[in-house]
Amino acid sequence: MIPLGRQRRRSVPAALIAAIVLVGVATGCSPTSHKSAPTAGASTSAIPTPTPTPTVDPIAGLSMAQRVGQVFMVGTPASTAAAITKQLVSGRHVGNIFLSGRSRSGVAATAAVVAQFRALVGPDSTGGEPLLVATDQEGGEVQVLHGPGFSSIPTGVAQSRLTTAALAAGATGWGNQLAAAGVNMDLAPVVDVVASPATARQNPPIGGFQREIGFVPSAIAAHAAIFRDGMGSAHVITVDKHFPGLGLVGANTDNRSGVTDRVTASSSPSVGIYRTEIAAGLQCVMVSSATYSHIDPKRPGVFSPAMVTGLLRKGLGFDGVIMTDDVSAARQTLAWSPASRAILSLQAGVDLVLVSDNPAVAAQMVDAVLAKANADPAFAEIVNNAARRVVELKAANGLVVAPAAPTG
């Protein structure tokens, strides 16, 4: 979007396997001991077999409508709780919100807006699942929240010149400010690679706003890790964007269609940054809506199975949450109906559909996804997997439903 940790399948560690074998030897058990005849004088009582702890599906208690709601993040003006967005949470089970636009109301006023949405959380709306509350708090021209209690965050370019200590302190402070305002997700940092300082302004969505946090991939990845750790200390989830890189296009996907990157490939440095970030514990990635001719020339990235499932999920091994850039008002995706935008994103492998700038289309999207999930078991499983990742991300980060404020 341009200005204006699921539960993993873990293999059993080798050390644990060795420990189990040693215990078996110590107790006289072996993998085949249950088939051997008892020795003379030995008790014939079987050694009790431990009952395995059943794995509980984190979405088992959610209806299909509530699962669909978990895969959407819908916008509201940062300074007010929009009625349409509140209705989507309470009536269509939408499980995540985005604070959009610009607000100079400050931390306390923002927290009051967020509280109105959190008050809607319950068994009949989100199935009791807490909300992801996100915003764009990058810095420079891309900072949604201002006013009392919020610092003025420097541009990405300016951040890249900070010392490691200064950046870590800054990110920690900015994260604490977001947390105090009720925000638990920041759609930042930008890890796009812009060609060079001399040509940065020729890249409208990133370089044009000085959003880049450097020009050397290793330095960008290091910056992103420090930013993530600082935000994480305040329990704010960060989102690397815009996969596989939006720094080499010549137009802005928000206000132009047909935006195509003819340079980036699966082996490009901008993709390599994500490999480094994934190894460092990255939890969430935003996918670009540009088209990448060397990866999938036929469709925008947010709709591309080759890019989302093929490259990001399988090629790079990312098993966290994947979200779209805004698909509600971006000119790049308007040729598709709202229903198609949501369905195609999920079929591509996305987990979270961002409907930030025009929440009026969210109801169409939610209804279309629910109807298809109810009619198509294969698509229902796609929704289940996406909802599961989102719910697991919330649990992994300790998100809980805040108690309702006392009344009277």
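In the predicted model, the crossing of helices α6 and α7 is right-handed. Helix α6 covers residues 164-180 and helix α7 residues 217-232, and the two pack with their axes 7 Å apart at an angle of about 40 degrees. The pair is therefore classed as oblique, because an angle under 35 degrees would be needed for roughly parallel helices. On the α6 side, the contact is made by T164, L167, A168, A171, T172, W174, G175 and L178. Helix α7 contributes H223, I226, F227, G230 and M231. Sorted by class, these residues comprise eight nonpolar and five polar ones, with no charged residue in the contact of α6 with α7.

A second helix pair is formed by α11 (residues 362-375) and α12 (residues 377-396). Their axes lie 6 Å apart, and the packing angle is about 125 degrees. Helices α11 and α12 are therefore also described as oblique to each other, since roughly antiparallel would require an angle over 145 degrees. The crossing of α11 and α12 is left-handed. From α11, the residues V369, K372, A373 and A375 take part, and they meet P377, F379, A380 and V383 of α12. By class, the contact of α11 with α12 has seven nonpolar residues, one charged residue and no polar residues.

A380, one of the α12 residues that meet α11, was examined further. A380 has a relative accessibility of 10% and counts as buried, because the cut-off for buried residues is under 20%. Leaving aside residues up to four places away in sequence, A380 touches M64 and A373. M64 is 316 residues from A380 along the chain, yet the C-alpha atoms of A380 and M64 are separated by 8.2 Å.

The largest nonpolar core has 90 residues. Those touching the most other members are F72, L99, L145, F243, L312, V355 and V369. V369 also belongs to the α11 side of the contact with α12. For L145, the contacts beyond four places in sequence are A78, L99, S103, T110, T135, Q137, F150, L178 and V183. Apart from the largest core lies another one, of 17 residues, including F98, L132, M323 and L393. Within the list for L145, L99 is itself among the core residues that touch the most other members, and L178 belongs to the α6 residues in contact with α7.

Two further residues in helices were considered. A342 is found in helix α10, which covers residues 338-348. With 0% relative accessibility, A342 counts as buried. A342 touches F72, V353, M365 and V369, residues up to four places away in sequence being left out. Of these, F72 and V369 appear among the residues of the largest core that touch the most other members. A342 and A362 are 20 residues apart in sequence, and their C-alpha atoms are 9.1 Å apart in space. T309 lies in helix α9 (residues 305-315). Its relative accessible area is 24%, so T309 is partly exposed. Outside the four nearest places on either side in sequence, T309 touches S304, K314, A348 and G349. A C-alpha distance of 8.1 Å separates T309 from V350, which is 41 residues away along the chain.

Several backbone features were also noted. A cis peptide bond joins A188 and P189, with omega of about 10 degrees. P189 is placed in the loop between β6 (185-186) and α7. Another cis peptide bond joins K241 and H242, where omega is about 5 degrees. H242 is placed in strand β8, which comprises residues 240-243. F243, a residue of the largest core, falls within that range.

Positive phi values occur at Q210 and H235. Q210 is not a glycine but has a phi of about 55 degrees. The residue sits in the loop between β6 and α7, and Q210 counts as partly exposed at 32% relative accessibility. H235, likewise not a glycine, has a positive phi of about 65 degrees. H235 is located in the loop between α7 and β7 (237-238). With a relative accessible area of 57%, H235 is exposed.

Note on methods. Residues are numbered from 1 along each chain as its sequence is written. This is a predicted model: local features need pLDDT of at least 70, side-chain atom pairs count only at pLDDT 80 or more; totals for chains, interfaces and linings use all residues. Side-chain values use heavy atoms; hydrogens and water are left out. A nonpolar core is a set of buried Ala, Val, Leu, Ile, Met, Phe, Trp, Tyr and Cys residues joined through side-chain atoms within 4.5 Å. Buried means under 20% relative accessible area, exposed over 50%, partly exposed in between (1.4 Å probe, protein chains only). Contact means heavy atoms within 4.5 Å. Axes are lines fitted to C-alpha atoms, for helices over the stretch in contact, and angles run from 0 to 180 degrees between N-to-C directions. Helices (H or I, at least four residues) and strands (E, at least two) are DSSP runs, numbered from the N terminus. Angles under 35 degrees count as roughly parallel, over 145 as roughly antiparallel, 65 to 115 as roughly perpendicular and the rest as oblique. A crossing is left-handed if the near helix is turned anticlockwise from the far one by less than a right angle, and right-handed if clockwise. Ala, Val, Leu, Ile, Met, Phe, Trp, Tyr, Cys and Pro count as nonpolar, Asp, Glu, Lys and Arg as charged, and the others, Gly among them, as polar.
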